[in-house]
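Me: Please take a close look at the ligand site in this model. Then place that site in its wider setting.

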Amino acid sequence: MVTYPIPDPGLSSLREAGSVHIPAEPPTAEELREACTSGQFDVVVAQLSDRFDADLLDVAKLAGISNYAVGFDNIDIPAATRNGILVGNTPGVLTDATADVAMLLMLATARRAVEADQFTRSGRFTGWKPDLLLGQDVSGATLGLVGFGRIARATAHRAAAFDMNIIFCNHPPAGRTLDENEVAALPYPARQVDWPELVENSDFLSIHVPLSPSTTHLIDTDTLAAMKPTAILVNTARGPIVDEAALVDALRNGQLAGAGLDVYEHEPRLTPGLADVPNVVLLPHLGSATTKVRARMAQLCAENAIAIARGEVPPHCVNPEAVKDG
Ligand code: 8YV
């Protein structure tokens with residue numbers, strides 16, 4: 001079952017390999033449960049909005065789930081593993097596109113691009129003025145990377161070309177976990193710092209960690225209070241890493257200069273007040289949204305699904321140990 005049509009070549013590969021069912025409408029939680037327990041499907045090709053909690057996975061009759069995403073916080077992985085359900089994801093192919101969106105949000109927020117666009121198209125641009133829509137410098141600013149995996153590193157690469165100073169904390173809120181030789185070998189200057197130092201010193205704080213119990217509300221009232229009042233928060237990872245009610249308060253009270261968000265705590269719902277603060281740029285989860293990237297994600301997703309249906313471990317598997325434990 002494919003819960004929402006994925007682009008070609010993914011969909012056509014799936015159709016060539018076996019039989020594919022796409023419901024007329026994306027399934028509700030109840031319909032997903034029915035499908036997963038019916039024994040009719042070997043694999044579900046799932047979207048982030050399809051939730052696979054333990055109570056579903058404990059009764060599901062599935063060989064696996066192929067998630068159309070690199071993130072897999074919509075699936076209870078320990079429950080999938082203990083039920084022998086393999087989970088595939090789509091790493092690598094969306095790294096650059098997501099890092100581009102992190103840069104886009106930094107630049108757009110710092111230079112007030114959305115506000116300026118609205119200003120211009122509404123006919124209020126009546127002539128150049130020395131103090132018109134002044135923003136913040138990106139070059140020379142300190143970028144703090146929350147996490148230092150693939151997407152954070154691709155963001156660092158871009159930021160280095162903008163002459164930003166790069167600091168990072170690999171597994172916040174834990175301390176330095178990256179080998180210093182590895183830091184020294186990076187193709188751009190970057191400094192590994194402890195979590196409090198990252199929060200206090202960043203002009204831009206960009207989030208690149210997966211959502212997990214330890215990262216939920218990592219950015220809360222206390223973190224926001226410790227940030228520079230001139231700082232900008234950027235989130236292209238997962239919404240619930242930020243306590244959005246606290247973020248709205250911090251923006252309203254001038255505790256923080258701005259925020260660029262691609263993901264939301266209660267996605268797709270916006271936290272009340274978020275759309276009313278002027279210093280935010282809000283995108284509708286576009287990190288991987290290019291035609292090429294979505295096609296490559298679909299290809300990986302199909303390869304994972306086909307392998308699972310054949311009784312193999314998928315090429316991009318989150319829980320290969322499900323084979324032993326199942
Ligand atoms: C996708 C994402 O846009 O892959 C992920 O984890 O969050 C995004 O790149 C989305 O998952 C597409 O379904």
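Reply: The shell around the ligand consists of Gln47, Leu48, Tyr68, Ala69, Val70, Gly71, Leu94, Arg238, His285, Ser288 and Arg294. Keep in mind that this is a predicted model. By class, the shell splits into 5 nonpolar, 4 polar and 2 charged residues.

Three polar contacts deserve a look. Arg238 uses its side chain: a polar atom there sits 2.7 Å from a ligand oxygen. Val70 uses its backbone, with a polar atom 2.8 Å from an oxygen atom of the ligand. Tyr68 also takes part through a backbone N or O atom, 3.0 Å from a ligand oxygen. As for burial, the ligand alone has 330 Å² of accessible area, and the protein covers 89% of that.

Now the annotated regions. UniProt, in an unreviewed entry, gives residues 5-319 as "domain: D-isomer specific 2-hydroxyacid dehydrogenase catalytic". That span is 35% helix and 12% strand. Its end C-alpha atoms are 25 Å apart. Residues 104-287 carry a further UniProt feature, also from an unreviewed entry: "domain: D-isomer specific 2-hydroxyacid dehydrogenase NAD-binding". Here the content is 30% helix and 15% strand. The end C-alpha atoms of residues 104-287 lie 10 Å apart.

Next, the sheet. Seven strands form an open sheet with parallel pairing, in the order E6-E5-E4-E7-E8-E9-E10. Strand E6 (190-192) and strand E10 (280-282) are the edges, each pairing on one side only. On average, neighbouring strands are turned by 15 degrees against each other, direction ignored. At the E6 edge, strand E5 (residues 165-169) pairs with E6 in the parallel sense over 3 bridges. Within that pairing, Ile166 stands opposite Ala190 of E6.

Some backbone details are worth checking before you set up calculations. Two peptide bonds to proline are cis. One runs from Asp8 to Pro9, with omega near 10 degrees. Pro9 belongs to the segment before helix H1 (10-17). Another cis bond links Glu267 to Pro268, with omega near 5 degrees. Pro268 sits in the loop between strand E9 (258-261) and E10. Leu133 is not a glycine, yet has a positive phi of about 50 degrees. Leu133 lies in the loop that joins helix H6 (113-121) to strand E4 (142-146).

Back at the ligand, the contacts to keep in view are the side chain of Arg238, the backbone of Val70 and the backbone of Tyr68.

Conventions:
Residues numbered from 1 in each chain as written. Predicted model: local features only at pLDDT ≥ 70, side-chain atom pairs only at ≥ 80, totals over all residues. Heavy atoms only, no water. Near = heavy atom within 4 Å. Polar contact = N/O pair within 3.5 Å; in protein donor to acceptor, adjacent residues only side chain to side chain. Areas by Shrake-Rupley, 256 points an atom, 1.4 Å probe, with all protein chains shown as cover. Nonpolar A, V, L, I, M, F, W, Y, C, P; charged D, E, K, R; others polar. UniProt positions renumbered as here; feature names shortened; annotations may be inferred. Helix = DSSP H or I, 4+ residues; strand = E, 2+ residues; numbered from the N terminus. Pairing = 2+ DSSP bridges. Axes fitted to C-alpha atoms, helices over the stretch in contact; angles between N-to-C directions.
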